[in-house]
Amino acid sequence: MPTASQVSDSKSTSLSTVLELHQVTKQYPQQKVPAIDRVSLRLGEGELLALLGPSGCGKTTLLRTIAGFETPESGWIALAQQPVCGQGAAIPPERRDVGIVFQDYALFPHLSVIDNVGFGLKHLSRHRRLSPKQIRTLAQEAICLVGLEGFEQRYPHALSGGQQQRVALARALAPRPSLVLLDEPFSNLDVQVRLYLRQEVRSILKGVGASGIFVTHDQQEALAIADRVAVMRAGQIEQLASPEEIYEQPASRFIADFVTQANFIEAHRSEQGWQTELGLVDGALVQPTTASAGTLMLRQEELHLKPVASDDAALVICDREFLGREYKYTLTHPTQGNLQARTRARFAIGDTVQISIQPNPIGLPLFAQ
Ligand SMILES: Nc1ncnc2c1ncn2[C@@H]1O[C@H](COP(=O)(O)OP(=O)(O)OP(=O)(O)O)[C@@H](O)[C@H]1O
């Protein structure tokens, strides 16, 4: 398993660096292990990074440390190539040129939309000496950017959850920061709003050229909108790569499990190929490896189902979910337990099937034992 310092972060080096973390460790008092442990990463200009991982792996702590709400014990952080913490620097959050969007929107209930958006600018105006007119103009621009023209005088209680999150985004963008941090920005929204707002947030950030880091524990969300995904586990970044690379070549069994929700079966190398409980798997279908045994990863869409008479069948369809374009089936296998397959083919619960494996061109990953 790679350690934080070994995780490759070469992909962002072609873009000019907006944020850099070097071996950053943060441990809360009374905690036995660090919440973030020697995390290094680099974020390029205009890049959108997802921090993905299970509950408690350190995503929010990492975001809060970048924002300046937490002070790490060791390591350093630089924004626009200037140290903001470590290396003798200790720049407070309000002077970090970073916009923040919280999960619960954190709007002021007694302020209108335009005053909520302008609030941060007033605070900043101490440094930038903006006039009230300039503040209003910038706030108005940000409101237009998030598609809320006409809502300027409304109060938060008279807005939907999605509209409130747009206000929060406008407030973060109004000072035109080079980096926007978003902590589970869509998790309080219902599924329809969530699906379109996440795409919109991506295109708004891309439109203004801002870099972004967002926290999520939803792997589909991370893969759908991020340019790169950092998968975290126990305070460390276990893999930092494009969504495609994470999906096709997960660096560990943990990542494969968490991100792809694939099937895993034990496999042993033999002269004919890989022996498994599901039968022989052709060696040419498996990604090159020197291992003689391991766990083979079969993505749900790589299992193809063929109806067979019940006598011959090793697998029975025991559950079915209609997903719109396709079905997700749960199949029972006498020794392998449950398997899951996604396909457009229609079967009924109780049908008996045989499976064949048709991997994507990059092959089936095998995690050595
Ligand atoms: N203020 C705090 N004091 C002490 N321990 C904390 C504090 N905040 C977080 N922790 C601990 O640090 C670890 C990382 O927490 P963090 O909130 O960063 O994880 P997370 O990945 O964002 O989790 P979630 O997805 O549940 O929000 C956890 O073990 C958590 O209990």
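Let's start with contacts that are far apart along the chain: among contacts between residues at least 6 apart in sequence, 68% join residues at least 24 apart. Two residues are in contact here if their C-beta atoms, placed from the backbone, lie within 7 Å.

A quick word on what we're looking at. This is a predicted model, where local features need pLDDT of at least 70, side-chain atom pairs count only at pLDDT 80 or more, and totals for chains, interfaces and linings use all residues. Residues are numbered from 1 along each chain as its sequence is written.

Now the overall view. The C-alpha atoms fill a box of roughly 80 × 45 × 40 Å along the principal axes. There are eight helices and 21 strands; these are DSSP runs numbered from the N terminus, with helices being H or I of at least four residues and strands E of at least two. Of the 369 residues, 39% are buried, and buried means 20 or more other C-beta atoms within 10 Å of the residue's own, with C-beta atoms placed from the backbone.

On to the sheets. One is an open sheet of six strands, ordered β7-β8-β9-β3-β10-β11, and its pairing is mixed. Strands β7 (98-101) and β11 (236-241) stand at the edges with a single partner each, so one side of each has no neighbour in the sheet. From one strand to the next the twist averages 20°. By pairing I mean that DSSP finds at least two bridges between the strands. Strand β10 (residues 228-233) runs antiparallel to β11, joined by five bridges, and Ala230 sits opposite Leu240 in β11. Lying across β10 and β11 is helix α8 (residues 253-260), at about 115° to β10. For that angle, axes are lines fitted to C-alpha atoms, for helices over the stretch in contact, and angles run from 0 to 180 degrees between N-to-C directions.

The other sheet I'd like to show is open too, with five strands in the order β2-β1-β4-β5-β6 and antiparallel pairing. Its edge strands, β2 (36-44) and β6 (89-90), pair on one side only. Two bridges link β5 (residues 82-86) to β6, and Cys85 stands opposite Ala90 there. Cys85 is buried, with 23 other C-beta atoms within 10 Å. Beyond its neighbours within four places in sequence, Cys85 contacts Gly68, Thr71, Pro72, Trp76, Ile77, Ala90 and Ile91.

Two helices deserve a moment. Helix α4 (residues 161-173) has eleven of its 13 residues buried, so α4 is largely enclosed by the rest of the structure. Among those buried residues are Arg166, Val167 and Leu169. Helix α5 (residues 191-208) has 18 residues and reaches 26 Å from its first C-alpha to its last, close to the 26 Å expected, that is, 1.5 Å times one less than the number of residues. Its buried residues are Leu197, Arg198, Val201, Ile204 and Leu205, and they pack against several elements, including α4, β3 (48-52) and β9 (211-216). After α5 comes Gly209, with a positive phi near 75°.

Finally, which residues surround the ligand? They are Tyr28, Gln31, Ala35, Gly53, Ser55, Gly56, Cys57, Gly58, Lys59, Thr60, Thr61 and His217, where near means a C-beta atom, placed from the backbone, within 6 Å. That shell divides into three nonpolar, eight polar and one charged. For this split, Ala, Val, Leu, Ile, Met, Phe, Trp, Tyr, Cys and Pro count as nonpolar, Asp, Glu, Lys and Arg as charged, and the others, Gly among them, as polar.

Key: A residue is buried if 20 or more other C-beta atoms lie within 10 Å of its own, exposed if 12 or fewer, and partly exposed in between; C-beta atoms are placed from the backbone.
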